[in-house]
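Hi,

Here is the structure I promised to pass along. Have a look at it first, and my notes follow underneath.

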Amino acid sequence: GLRRALERGEFALHYQPRVVLPDGELCGFEALLRWHSAELGLVGPTEFIPLVEENGLIVPLGEWVLLRACRQAREWRDAGLEFEAIAVNVSPRQVKSDAIVAVVRAALANCGLEARMLELEITESSAVFQDPNCLARLHQLKALGVCISLDDFGTGYSSLAFLKTFQFDRIKVDQSFMVNLAADATNRAIAASMLALAHELGIPVLAEGIETEEQVAFLREHCAHPGGFEVQGFLFSHPMPADECTRLLGARR
Ligand code: C2E
Ligand code: MG
Ligand code: MG
């Protein structure tokens with residue numbers, strides 16, 4: 001089904017707003033893939049991304065995602081709607097492919113989108129950050145002017161050495177460290193240390209999975225960055241279809 005889904009047009013992108021605190025201004029969106037399967041109904045990415053990574057379909061699918069997200073950003077800009085950036089998840093498998101730099105360059109050129117408006121989110125993966133070819137590609141992408149952020153920081157192949165080998169534009173603290181902060185002293189300690197680490201390194205932070213005011217209060221206390229900090233989560237907005245984002249952007253004008 002996944003193999004045919006791309007040609008059948010069964011994939012769609014939803015967009016989750018990113019908000020800057022303390023002001024609460026919307027600053028951008030993260031594009032999140034959805035599969036409307038004729039046989040299975042709506043399938044979330046946690047179910048099918050591992051499969052397409054394994055069978056290699058992530059490479060053409062990731063290319064489609066990049067182009068679709070850049071087109072959407074261009075449409076919003078053309079309509080005079082203002083936001084700073086659109087973030088796209090990029091799988092390690094894509095960074096392992098030689099084509100990635102050309103694909104990103106082509107997506108930007110095709111849509112006439114400024115490179116600084118595109119942020120590529122890459123999850124921690126030893127396969128990428130310890131491979132000289134992948135690192136070279138990440139440097140080439142940065143040289144195009146796109147931002148590179150480290151997604152799901154603190155999970156998976158967590159190694160602080162990654163922070164020495166590549167200068168990330170943003171660190172996204174994984175939502176698992178933001179849950180149950182009042183009762184969970186370990187999560188409090190880890191989250192506070194991650195925020196302090198990013199601050200000391202001078203890397204802007206985005207906290208994922210923010211669902212409660214209590215989490216916001218914790219972040220206000222621990223995020224020392226003078227420019228504020230970004231958050232994403234159900235407290236502010238769920239991921240939503242493009243037309244709902246268009247309405248949201250329009251209402252801010
Ligand atoms: P991610 O990049 O870390 O994306 C954030 C996930 O957290 C999204 O799940 C989002 O819906 C969810 N989320 C946002 N706010 C909250 C909250 O307040 N509470 C909770 N519990 N969850 C929240 P989603 O859309 O199911 O995506 C899951 C993962 O699938 C993504 O994690 C990303 O790793 C992957 N993914 C999604 N789209 C793509 C894509 O186009 N390409 C690739 N390679 N991976 C993708
Ligand atoms: Mg992400
Ligand atoms: Mg994440």
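**Around ligand 1**

Of the 23 residues that surround ligand 1, the ones that come nearest are Arg 34, Asn 89, Asp 151, Glu 211 and Phe 234. Bear in mind that this is a predicted model.

Sorted by class, that shell holds nine nonpolar residues, along with seven polar and seven charged ones. As for where they come from, at least two shell residues each are supplied by strand S2 (25-37), helix H2 (45-55), helix H3 (58-78) and strand S6 (147-153). S2 gives the most, with four residues.

Now for the polar contacts, which you may want to look at on screen. Glu 30 has a polar side-chain atom 2.9 Å from an oxygen atom of ligand 1. Asn 89, already listed among the nearest residues, has a side-chain N or O atom that is also 2.9 Å from an oxygen atom of the ligand. For Gln 175, the distance from a side-chain N or O atom to a ligand oxygen is 3.2 Å.

How much of ligand 1 does the protein bury? On its own the ligand exposes 810 Å², and the protein buries 83% of that. The space that ligand 1 takes is the largest pocket.

**The chain as a whole**

The protein chain has eleven helices and ten strands. Its radius of gyration is 18 Å, close to the 18 Å given by the globule rule for 253 residues, so the chain is as compact as a globular protein of that length. Along the principal axes, its C-alpha atoms fill a box of roughly 50 × 45 × 35 Å.

Cheers

How values were computed
Residues are numbered from 1 along each chain as its sequence is written. Chains are lettered from A and ligands numbered from 1 in the order in which they are written. This is a predicted model: local features need pLDDT of at least 70, side-chain atom pairs count only at pLDDT 80 or more; totals for chains, interfaces and linings use all residues. Side-chain values use heavy atoms; hydrogens and water are left out. A residue is near a molecule or strand if one of its heavy atoms lies within 4 Å of it. A polar contact is a pair of N or O atoms within 3.5 Å; within protein, one must be able to donate a hydrogen and the other to accept it, and residues adjacent in sequence count only if both atoms are side-chain atoms. Accessible areas come from the Shrake-Rupley method with a 1.4 Å probe; for residues, only the protein chains shown count as cover. On a 1 Å grid over the protein atoms alone, a cavity is a set of points where a 1.4 Å probe fits but cannot get out, and a pocket is an open set with protein on both sides within 12 Å along at least five of seven lines; lining residues have an atom within 4 Å of a point. A molecule sits in a cavity or pocket if more than half of its atoms lie within 2 Å of its grid points. Ala, Val, Leu, Ile, Met, Phe, Trp, Tyr, Cys and Pro count as nonpolar, Asp, Glu, Lys and Arg as charged, and the others, Gly among them, as polar. The radius of gyration is taken over C-alpha atoms; the globule rule is 2.2 Å times the number of residues to the power 0.38.
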